[in-house]
Amino acid sequence: MDSKPVKYMEKTRRYYEAQGFDRAYQYAEHTSAPFTPLTKPLAECRVGLVTTASTYHRADLEPRKVDVGSTVSLPEKLFTDDLSWDKNATHTEDVNSFCPINSLRELEAQGVIGSLATQFVCAPTEYSQRATVEQDAPKILEYLRGEKVDVALLVPL
Amino acid sequence: MPSVIVGSALDIVQRCRVPRFLFVDFPLGNPCGKPWDTSMQQRIVAHGLALLGRATKPETTEYSDERWGSDDWKGAYMEVNDQNRSALQKMGEALRADRKVREPRTFD
């Protein structure tokens with residue numbers, strides 16, 4: 001049993017080295033993080049949900065774009081095949097295990113949150129951090145603000 | 001806008017630095033709870049949302065108490081050993097030969 005968190009950056013580097021790739025993946029690194037305090041009770045907040053899964057099958061070379069899906073009901077399936085997750089240890093057949101629309105609906109019914117935005121947002125995972133920061137992030141924020149969201153729950157796979 | 005991340009890659013998220021992070025020590029793929037375990041999923045999501053109000057400064061990280069069960073997956077994920085080393089090398093060669101596959105690279 002190993003109870004320590006997995007060192008993903010180190011494992012990934014070793015794995016790609018073993019495959020003969022000479023350039024290591026460049027993980028995003030910042031010197032500080034922004035912070036916006038919550039200014040009203042969670043029970044009055046509209047929650048926006050952001051996932052790295054996609055509503056459609058992304059082809060290998062297809063340009064990736066920010067997309068949205070409905071939160072009226074839990075999608076039967078979201079596309080996750082092109083993401084790096086542990087395909088030996090688990091599966092993504094239960095969408096609520098990574099895009100928790102049902103959990104949020106239940107918390108809405110209990111009054112823990114005010115409401116859930118009518119659409120969730122799909123953030124495309126990009127090799128280009130510049131594309132993520134300069135193109136995708138503003139687009140995601142635009143969707144969330146369009147839904148009058150107060151707080152965002154971000155769930156990367 | 002206040003935000004919180006619920007995720008399972010502690011080192012990657014901490015390197016990036018984020019406002020609030022709930023670390024769920026599960027295999028990558030199900031950060032919001034084990035598949036089909038609706039009560040666990042709800043507890044994790046509620047914990048993540050609670051961080052929105054509880055955190056008073058950036059990079060606030062909490063660890064979820066939820067357990068996957070066996071931790072065997074931790075060693076097995078992307079494991080490199082003497083048994084698979086040559087297979088991995090061949091896999092890498094095949095990937096490089098297939099130009100459709102994006103290789104790890106430094107981008108802007």
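This is a chat about chain A, chain B and where they touch in a predicted model.

Trainee: What should I know before reading any numbers off this model?
Mentor: The model is predicted, with local features needing pLDDT of at least 70 and side-chain atom pairs counting only at pLDDT 80 or more, while totals for chains, interfaces and linings use all residues. Residues are numbered from 1 along each chain as its sequence is written, and chains are lettered from A and ligands numbered from 1 in the order in which they are written.

Trainee: OK, how many residues of chain B are in contact with chain A?
Mentor: Counting a contact when two C-beta atoms, placed from the backbone, lie within 7 Å, 63 residues of chain B are in contact with 68 residues of chain A. Helix 2 of chain B supplies the largest share of chain B's side, 9 residues.

Trainee: What do the buried residues of that helix 2 of chain B pack against?
Mentor: They pack against helix 2 (101-109) and strand 5 (151-155) of chain A, and also against strands 1 (3-7), 2 (20-23) and 3 (60-63) of chain B. Buried means that 20 or more other C-beta atoms lie within 10 Å of a residue's own, and Met40(B), Ile44(B) and Leu52(B) are among them. Helices (H or I, at least four residues) and strands (E, at least two) are DSSP runs, numbered from the N terminus.

Trainee: And in which sense do strand 5 of chain A and strand 1 of chain B pair?
Mentor: They pair in the parallel sense over 3 bridges, where pairing requires that DSSP finds at least two bridges, and Leu153(A) stands opposite Val4(B).

Trainee: Switching topic, how many helices and strands are in chain A?
Mentor: Chain A has 3 helices and 5 strands, running α-β-β-α-β-β-α-β from the N terminus.

How values were computed. Buried ≥ 20, exposed ≤ 12 C-beta atoms within 10 Å, placed from the backbone.
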